[in-house]
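Subject: Structure for your review

Dear colleague,

Please find below the structure that I am handing over to you. I should be grateful if you would read the notes beneath it with the coordinates open.

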Amino acid sequence: MKDFIPHPISSSVIPSEVEGSLLPEGGLLLGAVKAGFPSPAEEVREKLDLVKLLVRHSASTFFFQVDGVSMVDADMDEGDILIVDRSIDPYNGCKAICFVDGEYTVKRVEITDHGVRLLPANEKNSKYKPIEIHEENRFMVWGVVTWVIKKV
Amino acid sequence: MYALADCNNFFVSCERVFRPDLVGKPVIVLSNNDGCAVSRSNEAKALGIKMGDPLFKIRDIVERNGVAVFSSNFPLYGDMSRRVQEVLSRFSPAVEVYSIDEAFLDLRGLGTGDISGRERFPDTIATLGEREGPTKWEGSTKETVPEASTLPHSPVPGTDFAALARRISAECWKCTSIPVSVGIAPTKTLAKIASKLCKKYPKLEGGCFLHRPEDIEKVLRQFPVEDVWGIGRRSARKLGPMGIRTAWDFTCLSETQVLRMFHLPGLRTWKELRGVPCIAFEDVIEPKQSICVSRSFVHEISDLAGLREQVANFAYSAAEKLRRQKSYCQELAVFALTNRFREDAPQAFSSALVTLPEPSNDYRVLVSAALRACQRMWNGSDSAAARGLAYKKAGVLLGRIGQEANPSLFVQSDAPIGSEAAERNERLSGALDAISAAYGRGTVRFGSQGDGRVRASCEHQSPHYTTLWTDIPKVSVK
């Protein structure tokens with residue numbers, strides 16, 4: 001029988017004081033302050049949540065990473081994280097993840113009365129010619145970039 | 001009204017989210033351990049690849065046609081499923097998630113007016129262009145609506161369920177790039193049929209409203225009875241000799257005849273097909289009556305130590321599922337089998353059952369019970385070990401499952417649920433759950449679980465695009 005008793009991972013591994021804080025109830029520390037005046041801070045539980053700022057629609061928000069930049073001093077650099085929201089309709093001048101020639105590329109989308117064109121994402125880059133969008137490739141715009149996270 | 005939203009070829013569609021180059025190409029996703037095709041794109045279906053075809057049997061078709069093959073990527077599928085559910089929940093406060101790729105929406109009492117969602121999602125309909133609003137639709141019904149579908153018809157003036165169905169589908173596509181078929185009908189069973197029509201008729205643009213009696217009759221007359229939700233293959237076999245081939249034939253049987261042959265569940269389906277809602281809307285998923293965790297191994301296992309490690313992992317996963325539905329079990333079985341695809345070799349199927357002295361969902365109790373059963377199975381006279389064979393697949397099955405609130409399901413025990421000892425054990429298992437939730441599964445595990453990994457093959461797995469920072473898709477800036 002001894003063989004079949006699994007390795008003990010009980011109290012020796014999980015100290016009892018830690019155990020409490022792992023439970024979903026949480027908030028034990030604040031609630032424990034009983035003496036004297038109630039701390040005014042006790043009521044204030046809010047904190048700044050970066051995700052709330054960056055992710056408006058969690059159903060439609062995706063992350064991409066920049067890999068391959070064709071110019072220096074661009075506003076999007078190697079390794080930057082792009083936040084992309086598919087629920088936003090492409091608008092004139094937006095930067096978007098586009099599917100061009102079998103790969104993902106970030107492009108600036110120009111929407112005018114004459115039609116839709118994909119321009120280089122970095123404005124000063126003249127290396128790439130604008131691409132005209134036609135009826136048959138309407139799914140080229142995958143999603144609109146809403147934020148760029150950059151490590152400095 | 002009820003809506004059913006069904007993701008088309010869901011796993012394949014998930015693989016295509018970040019690989020638009022695969023759209024229009026044959027794609028399949030394999031089951032756990034790269035065994036069989038479990039999801040196929042329409043192009044793969046057209047090549048004759050069937051659901052459940054083992055990879056080695058279709059290798060020829062795959063190679064000749066350049067079929068893209070993927071191993072299951074459940075973190076991706078789970079995340080995409082969550083996104084679709086989130087979109088669906090904007091359309092109804094009551095969403096019943098039926099499976100990873102299907103959900104029912106309760107549309108009872110849905111008001112009129114704002115169903116187009118224009119205010120909440122400005123410009124979407126206009127921008128999509130090809131998805132027209134209700135007015136345009138009315139003008140062009142003749143050429144765009146296929147034979148077997150329904151014309152837009154509003155039971156309440158101003159409510160356009162056909163437009164709503166298309167809108168739900170369009171919104172899911174827009175937000176997640178998963179194609180979703182939405183059927184709306186007076187019963188859940190009919191909603192399922194309506195959603196299947198969307199797949200058959202692309203002109204429905206992902207949304208179908210089926211409610212006028214004459215339309216329902218027309219559709220049911222063409223709908224194979226074995227494809228009706230709730231009618232299994234076994235029931236269909238009983239119906240065949242009676243000349244009942246379509247769903248319509250089935251609805252023409254008498255109530256007493258249906259009740260006699262197929263009992264209450266069959267009668268429920270019969271009524272649902274006749275437009276009488278009988279299947280309750282369940283926001284809460286019914287707890288499962290049995291739980292099974294099984295996998296086949298990449299390399300066959302012929303040693304007890306190797307098998308024990310796998311069985312311990314299966315038992316742990318099964319216990320997790322049991323705990324998630326807040327149930328207890330009193331029976332645990334371990335089973336193992338040899339490679340059933342090797343027709344040249346002798347086969348073995350071994351199993352052993354352990355009855356627990358009291359109902360439990362304690363990780364330690366279940367893992368040690370599984371190891372006990374594993375040992376007994378191994379020692380058995382007809383086991384693979386005794387016959388010099390190796391196991392290809394094994395699993396753990398939990399039975400006699402019940403809720404705490406209903407102890408009568410269980411055999412009498414001396415230490416009932418809620419005793420001091422049981423509570424202490426519950427705290428320990430609860431701590432394991434909390435550690436898994438905070439730091440990932442397998443952070444803390446039993447020694448018998450080894451490295452905690454099930455030895456499965458996933459040669460063709462795509463990156464975990466949406467759940468791992470190291471795997472997010474890369475994009476160039478040009």
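The notes below set out what was found, beginning with the conventions.

Residues are numbered from 1 along each chain as its sequence is written, while chains are lettered from A and ligands numbered from 1 in the order in which they are written. The model is predicted: local features need pLDDT of at least 70, side-chain atom pairs count only at pLDDT 80 or more, and totals for chains, interfaces and linings use all residues.

Confidence

The predictor assigns the complex an ipTM of 0.71 and a pTM of 0.72. For chain B the mean pLDDT (the predictor's confidence in each residue, from 0 to 100) is 82, and 83% of the residues reach 70 or more. Residues 111-157 of chain B have pLDDT below 50; this stretch nevertheless has 58 contacts in the model beyond near neighbours in sequence. Two residues are in contact if their C-beta atoms, placed from the backbone, lie within 7 Å.

Chain A

Chain A contains three helices and seven strands, in the order α-α-α-β-β-β-β-β-β-β along the sequence. Helices (H or I, at least four residues) and strands (E, at least two) are DSSP runs, numbered from the N terminus. Of its 152 residues, 23% count as buried. A residue is buried if 20 or more other C-beta atoms lie within 10 Å of its own, exposed if 12 or fewer, and partly exposed in between, with C-beta atoms placed from the backbone.

Domains and cores of chain B

Chain B is divided into domain 1 (2-209), domain 2 (221-273) and domain 3 (291-449), with bounds from an automatic or database domain assignment. The C-alpha centres of domain 2 and domain 3 of chain B are 38 Å apart.

The largest nonpolar core has 74 residues, and B:Ala3, B:Leu105, B:Ala165, B:Ile184 and B:Ala194 have the most contacts inside it. Such a core is a set of buried Ala, Val, Leu, Ile, Met, Phe, Trp, Tyr and Cys residues joined through C-beta atoms within 7 Å. Helix H8 (residues 161-176) of chain B supplies the largest share of this core, 10 residues. Because domain 1 (2-209) and domain 2 (221-273) of chain B both give residues to this core, it lies between them. A second, separate core of 44 residues includes B:Ala319, B:Val334, B:Ala336 and B:Val365.

Two enclosed helices

In H8(B), 16 of the 16 residues are buried, so this helix is largely enclosed by the rest of the structure. Just after H8(B), B:Ser177 has a positive phi of about 60°.

Helix H1 (residues 10-17) of chain B is likewise largely enclosed by the rest of the structure, because eight of its eight residues are buried. The cover over its buried residues includes strand S1 (2-7), strand S2 (27-30), strand S3 (37-40), strand S4 (68-70) and helix H4 (74-88) of chain B.

Where the chains pair

Which side chains of strand S13 (residues 474-477) of chain B are buried? B:Val475 and B:Val477 point to one face and are buried, while B:Lys474 and B:Ser476 point to the other and are not. S13(B) pairs in the parallel sense with strand S1 (residues 61-69) of chain A over three bridges, and B:Val475 is the bridge partner of A:Val66. S13(B) also pairs in the parallel sense with strand S4 (residues 103-112) of chain A, over two bridges; here B:Val477 stands opposite A:Val106. Two strands pair if DSSP finds at least two bridges between them.

Yours sincerely
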